[in-house]
Structures are given as structure tokens and as C-alpha cells.
Amino acid sequence: MSKAAPALLVLFAACRPAPVAPCPAGQLVAQVAPPPVSRPSPFDSAFRAAGAEFHVPAELLEGLGWAETRWQMVQGTEEFPGRAPAFGVMALRGAALERGAALAGVPAEATRRDPVANIRAAAALLDLYAREAGIDRTRIEAWSAVVSRYSGIELPDARAAYARQVDRALARTAASPGLAPPAAPGACPPPPATGAPDYAPAAWRSSPNFDQRAADSTGVIHLVIIHTCESNYASCWSWLVNPVSQASAHYVVSEEGSEISQLVLERNRAWHIAALYDCTLNRRHDCRLNGVQSNHFTVGIEHAGFASQDSFPDAQLEASAALVCDVTRDRDIPRDWQHIVGHGQLQPANRTDPGPHWPWIAYVHRVQALCGEIVVDDSAQFNDTAVAGAAVPTTWAASDTTPDFYGGAYRWAPTQPDATDGAVFSFRVATAGLRTVEARWTSGSNRSPLAAYAVVTAAGDTAATTTVDQRTGGGSWHLLGTWTFPAGWNRVVLRRRAPSGAVVVADAVRVSATRPASSSGGAGASTSASNRPTP
Amino acid sequence: MLRRSVSLALAALGAACPGKEERSSAREAPRVQDSTFAGTTAPVQRLRSTRAGVPAAMLRSVTAAPGRGYDRVVFELAGDSAPGYRVEYAAGPVRSCGSGDVVSVAGSERLVIHLEPARAHDDQGNPSPRQRDLVPGLPAVREVKLVCDFEGQVEWVLGLPAKQPYRVTELAGSLLLDVKQGP
């Protein structure tokens, strides 16, 4: 929990003298706190020099630079009528830029283009603000009012968010960051907003940009679409709640996963993907939806950041995976790569988000793990090798002819009366206990009506052998049974020893800590917990 | 994000350096009333890097005015920012990039200009420009409507009475889209 400390400090610093009651803990922040900024700024020497010259803490300059521009020289990128463009590392604007430049004795033009001049002008401005406020400059938390003035932000919660950003950078160098958001004496700063209707850890920021899903089957929530917003978090959600944008998403995840906003109820149709569905872009999954507007049956999740990013912060992926676990659990959506897909995959004409560096396999594994399940694919490529492994003999041919397989393909083999080469799906159980085991296949008329799965524990005991009818029910999970497994690597073996004339399909096995709320039934799982003994 | 070839992106990077000198000469350009341009009805594009952290070009204003022999739509950008662009006649329906709803405009032809990385709103969620649907009623350009401002992409559609040749001129701080008036 050490990572949570800086953010919590920020939240509660204003409350230390609160006479009545301590401030309530911020649930989301406590759960997913952003890590402090770890890399050094490229402008360290300029921050130090300007800080010394104008009696402003260098750490504060560094923190403001991080909050404003992530230490990049920006050139007039935030202009709209009535608001001057921001320039340089410190994002100086308009009159403030002119004033800082004059105080620092540098031309305004240099302040726009040269990082050293830009940082000096900002330091001179902060020096002036500190003088006017009469603060004790030796206490970092005393600078909070100055920081608020510098930010130019008027909304209190936005000011607090800004101060938290500065604090994150301060945490890198300062022993105890503490730029508290401004608060009335004795009052607590507002805790991070939570309590969104469909995902309690999220903040509810309602957007008018939605309409109703279709009442028929095309309106059933079926896919989760992953996006990047091509902007920062606040810019993303603040735009998507504006009716002018005519765009939205159900959720927006912040850069470091410290906050999620829900903008549209899941049951409503958010406006996040323009494409009409084309199943050839999604492993021929659910071709019945071809031509249907994709917003009808999807939940859209935006992520602060860019499709061109080289990587995504672990904490952002973790927060996003927890959200997707929740959505897929509530909506009974399988957690695989045709149900959790990128915007760019379904709309390749003009989108690539979330981009080539979204870690799709690890991400879906994380969603599965957070939902308490292990999925074992027939191919190592799609397995989390820490908990899942498959051994499928080469007598089982690979195929992707029939759609709705798990992972990249499936394996199949003809039944034979004397065959001994079963397909082995292994999963590691950390602590002994009850687990629900399900299997998935692709169906067809040539499949075996009595495909036999043997359940073998880590102790080497065959707990049961159950049979399923693989002629139907392809592409969804079917219950094999629930057993108590010892810790260690347990196995499910799909056998092909049976009278000739059919094929068995080894696609995937799912193991859940608890019995799933709904396992797609009706397709032929012929067993229950009262499993028949091995023949 | 627009898909692109590496070579195109590299070419764009090499060409994307409007400087102060260009800016002053560029400001003169609109005075040149060249009504004899041949133009094209084929797609025209210049793509730009969408590297992470590169700020999206900010749209400041969109205006439409008649020239001699053509109508001109000016996309003015904040500062010197220059997004990549692609201009083409729409073959099918033009859809709003969020809702996927088909967008209708005046006129029988739809000329689409796509800007990327670009945005038409600020970090506080305020639109820029606020005017997002112009009906200038010009001979060649009947309507200019914003259909996308989402995920770093901005798209406008021009409603035209006929499929006329057009040209794109890139200046420091603005893009000019000229559509020839009919005979």
C-alpha cells in the first residue's frame, strides 16, 4: 500500500486539524492509487536554477511542469475563443505569460519557444503570487493557493485533481508532498467521486450523448470495445459529456487507473464506434450481427492516452481489467478476444486504437484472473503459463475452419477405439478447494455426441469422466462439473478413445473459483456434479 | 487513428515544417485569386505523425466564402499546428463518428475532409469553433458540417450540388479547401 501514500496525503492533508471527524477514506484512491512519477524530468537543471533565482521550490516547478505538459514543450495547443494558447513546459498563457516574461526580464517570444526562459518566467510569476499571498515559502503545502492561482482552474474538484497531479511529481523528490486542495477551514476535500450506477468504484459523470439500444436481440450487450481517447483523462471525459461532441463512451479510465468515469448507463447506447459490424473483422464471430451498428450491442471503454503509445501503465491496465471483469460478469459476456476487442479492429478504415502496443493477451488474462477464472487454451500462445498449460499430441490437427473457438484456433482428432493420446489441459490451483470446470468446442454434425473429458487431480486421481455432445453448443462454455481440487497442477483430458466415425474438438477449458452464475446450457453437457465414474 | 503506410508518414514528417518565413508568405496566398486551377475529384491527402504526446492540432475556426470561380472553405488552426488531412468524395453515407448515425447535408454530393491528429475542442470540453454547421449557400458549397470530433480525429463534410474538382492548399496555421463552381 505504499503507493497509495502520496495520493492519500493529498486528500487528507487539509483535514488534519478537522475537529469533528476524520475524513472518510476515498475508496477508489485507496484501491488503485497512482504511482508517483518515477522518471527524472529533462529540465532538472532549469528547474533548479529558476527555483534558486526566484525563491520557489524547484520541486514545485518540476511538479507544475509535469501537471501541465508532462514536461513537454507545447506550442499553443489549447486555444479556443476567449482562452489564450499555452506555451512551453510550464504552459504559460496570455497575460500570465506576458507578466512572467516581464518579471523574469525575458522577451515574451523567447518565453514561448525556449524552455529555460519559459521556466524562469513561470518561476517569476510564482514568486509574485507567493509574495501577494504572503505565504511561508518553506512549507510546501503553503504553496497550494499559489498553485491553484497558477492553474487558472475554477472548478473546485478540478483544482483538487490538478493539485494531486502536482503532488505526484513532488512525490518523486520531496519527502512529504502535501499540496492540499483548497478547502474551507475544517472542511474535508471532496473524496474522489465514486458510486457510478453500473460500476461503484467509478465516478458518475453523466453524458447526454446516448440513445436507446434496439429492443431486439441486436441490442443485447455482447462485446466490450477498448479505445484510447487520444488525449488526457480530463480532456477526454469533459468533452464526451458535452452535448456538442456527439460522442461518448460508457467509461473512461484515467492514465494511471486512479479514476474511472462512467458517462452512460450500460443499458443505454453510447456513441463510441461508428462502424457497422462485420464479423470477418472478428474471427467470423456472430455473423448474424453483420451490418448492425456496433454501438447497439457493445460497451465502450475509453482510456486516457494514445494509440501510438509504446506501452500502457500497469495501473491503468489493472483498473481497466477490473472494470471489464465487472462488465463481463454482469452481462454474461465470455472473456476472450472476440468479446473484448479494439475499436481499430472493428473499424480499420479510420481507427487503430488502442494501437499495436495494447497487451491483448495479458490484458484478457488479467480480466479472467480478476474474475477468478483460469482458461486453458489448446495453444500455449493464449495461455498464462503461470496457471495454464496444454499438451495436445500432434495427432490432433489444428483448425480455425469453424468459428467461435477460444484463442487462435482449435485442435481436432477422429475417434478411435484404441487411442490413448488425449488432449491435456492443465491448470494450477494455488489453494485447494472447490472449482467449477467447463469446456468449450466448435460444433458440427461430424462431432462426437459423447466426447469424454477425464478430470485428473494433482494427486493423480481421476475424479470423474464426463461426456458432452459436441454436435451443438459451439463457441460457449459448458459445465463439466464441480470438484474439489488439491493445490498444484490438475488436469482435464479430452479423450478420443471411442468407436470410430466422429471427431472430438479440443478448444479450451475454463476453471472458476466459484460456479459461474450462468453457464450457457442447453447444448449437451450431460453431467452434473454427480459425475459418473471413469469407464 | 488513420492507417497509413510508413513511407507516407515519413514523407509527411519531412514536409511538415511550416516556419515563420512561410507563414508571412502564406498570409499573402489567399489574395491570389486563381480561378483557373484544374483541381481533382480524387482523394488528396498529407498524413502526419500521430506520435504519443504530440498535441493534436486545434481548430480555431471554419469559414466559407466565394472566390472567383470557386468557393473557399478555410480551416484555421491554432498556432502553427498542422494536422494531417485527407479529402475525398464520399462513396457511401457519411456517418457521425460517435453514434454511427448517417449525417445529411444539403446538396447531392458530399466532400469529406478528415484532419488528424486534430481536435475541435479544448481540454475543458469546450467546443472550438462553436459554429459546427455552416450553411453558406454558395454556388459550389451549400453546407459545411462537422461530423467527427473524437479520439484525435476531426471530420467535416461539405454538401455540394455537384461533384466538382477541388484543391487543397496548406498554409501555416490553416488549410484551404477550394471547390470549383460549376459552369
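**Exercise 1. Work out the strand order of the open sheet in chain A that holds E11, E22, E16 and E19, and say which strands stand at its edges.**

Step 1. The open sheet has four strands in the order E11-E22-E16-E19 (chain A), with antiparallel pairing. Strands here (E, at least two residues) are DSSP runs numbered from the N terminus, as are helices (H or I, at least four), and two strands pair if DSSP finds at least two bridges between them.

Step 2. E11 and E19 (478–485) of chain A each have a single partner strand, so one side of each lacks a neighbour in the sheet and they stand at the edges.

Step 3. From one strand to the next, the twist averages 20 degrees; axes are lines fitted to C-alpha atoms (for helices, over the stretch in contact), and angles run from 0 to 180 degrees between N-to-C directions.

A note before going on: this is a predicted model, in which local features need pLDDT of at least 70 and side-chain atom pairs count only at pLDDT 80 or more, while totals for chains, interfaces and linings use all residues. Residues are numbered from 1 along each chain as its sequence is written, and chains are lettered from A and ligands numbered from 1 in the order in which they are written.

**Exercise 2. Find the partners of E22(A), and decide whether its faces are covered.**

Step 1. E11 (residues 373–377) of chain A pairs with E22(A) in the antiparallel sense over five bridges; here Val376(A) stands opposite Val509(A).

Step 2. E16 (residues 433–440) of chain A also runs antiparallel to E22(A), joined by five bridges. Val437(A) stands opposite Val511(A), and Arg440(A) opposite Ala508(A).

Step 3. In a regular strand, side chains alternate between the two faces of the sheet. Ala508(A), Arg510(A) and Ser512(A) on one side of E22(A), and Val509(A) and Val511(A) on the other, are all buried, so both faces are covered. Buried means that 20 or more other C-beta atoms lie within 10 Å of the residue's own, exposed 12 or fewer, and partly exposed in between, with C-beta atoms placed from the backbone.

**Exercise 3. Locate the largest nonpolar core relative to domain 1 and domain 2 of chain A.**

Step 1. Ile119(A), Ala122(A), Val252(A), Ile301(A) and Leu323(A) touch the most other members of this 137-residue core. Such a core is a set of buried Ala, Val, Leu, Ile, Met, Phe, Trp, Tyr and Cys residues joined through C-beta atoms within 7 Å.

Step 2. Domain 1 (2–173) and domain 2 (203–370) both give residues to the core, so it lies between them; the bounds come from an automatic or database domain assignment.
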